[in-house]
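Visitor: I'd like to know how the labels people put on a model hold up against their cut-offs. Can you take me through some of them?

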Amino acid sequence: MHPDPGSPWRIRGFRTLFTASALSHLGTNVGYVAIPLLAVTVLDATPGQAGALAALSTAAFLLIGLPAGAWVDRLPGRRILVAADAARAALLVSVPVAWYLDALSLPQLYVVVLLNGCATVFFDVASQSILPELVGRERLIPANTAVVSLMAGSNIAGRGAGGLLVQLLTAPLAILGAAVVYLASAIGLVGVRSSGVRTPVPAGRRLRDDIAEGLRHVFGSRELRALALTATLSNLGAQMINSMLPVLFTQDLGLSAGLLGLYWAVGGVGLLIGATCARRLGARFGHGRALGLVGLWFAPAGLAVALIGNGPWLWVATAGWLAATAKTGVDNVLGVSLRQRLTSDALLGRMNATFRFLLTGALAVGSALGGLIGELAGVRVAVWVGAVFLTGAFLPVLCSPLRTMREPQRTDPDPVEAPVRP
């Protein structure tokens, strides 16, 4: 049986990108569990220090996110992806080496997660920007479904494995495994080839002019502005909760690192469910309307997450987390596809960088705010505040023109018109 001619899987570049990205996401999710657990269990980090560590891991998007988008629009995407994964591998290797030499400290972890975040900025922006070049705009929904399903599978495998590896082998060895996976991803990404043609940068064009153009594009559009605000509020609330979970699980509730990893892995299951259902929901209700309706249906799930505790309350919170992340899975497929189709090729890097600046900047703010509230008022209060943000995040989309939008018109010609050999 021949593959569907409209399927992104017939495109060799997409298959290569998908395989290498699977390894990269796996490494990211193992590190997501192992690094904060290392700080809490080995270095006795306080709630404030755990929040600071989580904030620094995403602060790079606030520091260099916007310029990174302008650079991605100027440079070959494949080279950026390879360099980013190689840098992340080298940074993570330094952690188990320092632990082995009995020289590991919180300041080193702060530096590692900050620089690792800088590499992640370029990787995330470049991977989203190269996708329309590889598959063409008509294949964005199935391509983004595959990518979000990949992220979900990596959350399930990576976070579950991360928790178990920490429990069985110690956190430093789990981090070493993540570094090896990043290196394998960098090697795989060498094979990515794009048929897209980048628009030459005019002579004398200043970087700040490129950045300003990207900001005007996002904030000047009611649809893009609503997508950005909803995703920012969702990330802010979720990160306030997640930054406190290592402390809540291991210190307040006396639960194991393996159980924390499994709890986070349930979020991957939710992402997978949402990504799988997104295409059908978009076809039935319209892409924009589906985003608002799913947010309305699953709004109470955010509050259920804050009920986490021992016994049956752990199951209640887990069910809430499953539903909340399923909503995120729908958002990631339909929302990302909408914003890619609302943006021309020449602005993709800057549009994606603006979104990543806001979305991942919200993670940094959420981590810092969660740590501050946890330190001053208690971990439970921080979790409840995050749950309120998570619950109301859908409102900007529901109150925008997106609530009646089915699928936007293409902004420019499809860059993949000729058949691409598998």
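Visitor: What makes arginine 88 and aspartate 85 a salt bridge?
Guide: This is a predicted model, and in it the two side chains come to 2.6 Å, N to O. The cut-off is 4 Å between a Lys or Arg side-chain nitrogen and an Asp or Glu carboxyl oxygen, so the pair of arginine 88 and aspartate 85 qualifies at 2.6 Å. In general, side chains of opposite charge can pair when their charged atoms come close.

Visitor: Why are arginine 88 and aspartate 85 said to be separated by about one helical turn?
Guide: Because they sit three residues apart in helix α3, which covers residues 77-100. Both of them are buried, too.

Visitor: How many salt bridges does the structure hold?
Guide: Two. Besides the pair in α3, there's lysine 327 with aspartate 331, at 2.8 Å, N to O. That value is within 4 Å, so this pair also counts as a salt bridge. Lysine 327 and aspartate 331 are four residues apart in helix α12 (residues 312-341), and therefore about one helical turn separates them. Both are buried as well.

Visitor: Where else does lysine 327 turn up?
Guide: In the lining of the second largest cavity, together with residues including Ala324, Thr328 and Phe394. That cavity holds about 100 Å³ of space, and the model has two cavities of 30 Å³ or more.

Visitor: What makes a space like that a cavity?
Guide: A 1.4 Å probe fits there but cannot get out, so the space is called a cavity and not a pocket, which is an open set.

Visitor: Which helix gives the most to the lining of the second largest cavity?
Guide: That's α12, with three residues. α11 (299-305), α12 and α14 each supply at least two. By type, the lining splits into six nonpolar, five polar and one charged.

Visitor: Why does threonine 391 count as buried?
Guide: Its relative accessibility is 17%, and buried means under 20%, so threonine 391 makes the cut. Threonine 391 is placed in helix α14 (residues 379-392) and is one of the residues lining the second largest cavity. Leaving out residues up to four places away in sequence, threonine 391 touches Ala299, Gly302 and Leu303.

Visitor: And why is alanine 368 called partly exposed?
Guide: At 41% relative accessible area, alanine 368 falls between the 20% limit for buried and the 50% limit for exposed, so "partly exposed" is the label. Alanine 368 lies in helix α13 (residues 348-376).

Visitor: Which residues is alanine 368 in contact with, leaving aside neighbours within four places in sequence?
Guide: Gly51 and Ala55. On top of that, the C-alpha atoms of alanine 368 and alanine 52 are 5.7 Å apart, with their positions 316 residues apart along the chain.

Visitor: How many helices and strands does the protein chain have?
Guide: 15 helices and zero strands. Of its 422 residues, 57% count as buried.

Visitor: Where is confidence lowest and highest among the helices?
Guide: Helix α5 (residues 140-169) is lowest, at a mean of 71, and α3 is highest, at 90. Over the protein chain the mean pLDDT is 79, with 88% of residues at 70 or more.

Visitor: What about residues 411-422?
Guide: pLDDT stays under 50 there, although the model has 30 contacts beyond four places in sequence for that stretch. Where pLDDT is low, the predicted coordinates should not be read in detail.

Definitions and conventions. Residues numbered from 1 in each chain as written. Predicted model: local features only at pLDDT ≥ 70, side-chain atom pairs only at ≥ 80, totals over all residues. Heavy atoms only, no water. Buried < 20%, exposed > 50% of the residue type's maximum accessible area, 1.4 Å probe, protein only. Contact = heavy atoms within 4.5 Å. 1 Å grid on protein atoms, 1.4 Å probe; cavity = no way out; pocket = protein on both sides within 12 Å on 5 of 7 lines; lining within 4 Å. Points joined across faces, edges and corners; volume = space filled by probe spheres on them. Nonpolar A, V, L, I, M, F, W, Y, C, P; charged D, E, K, R; others polar. pLDDT = per-residue confidence, 0-100.
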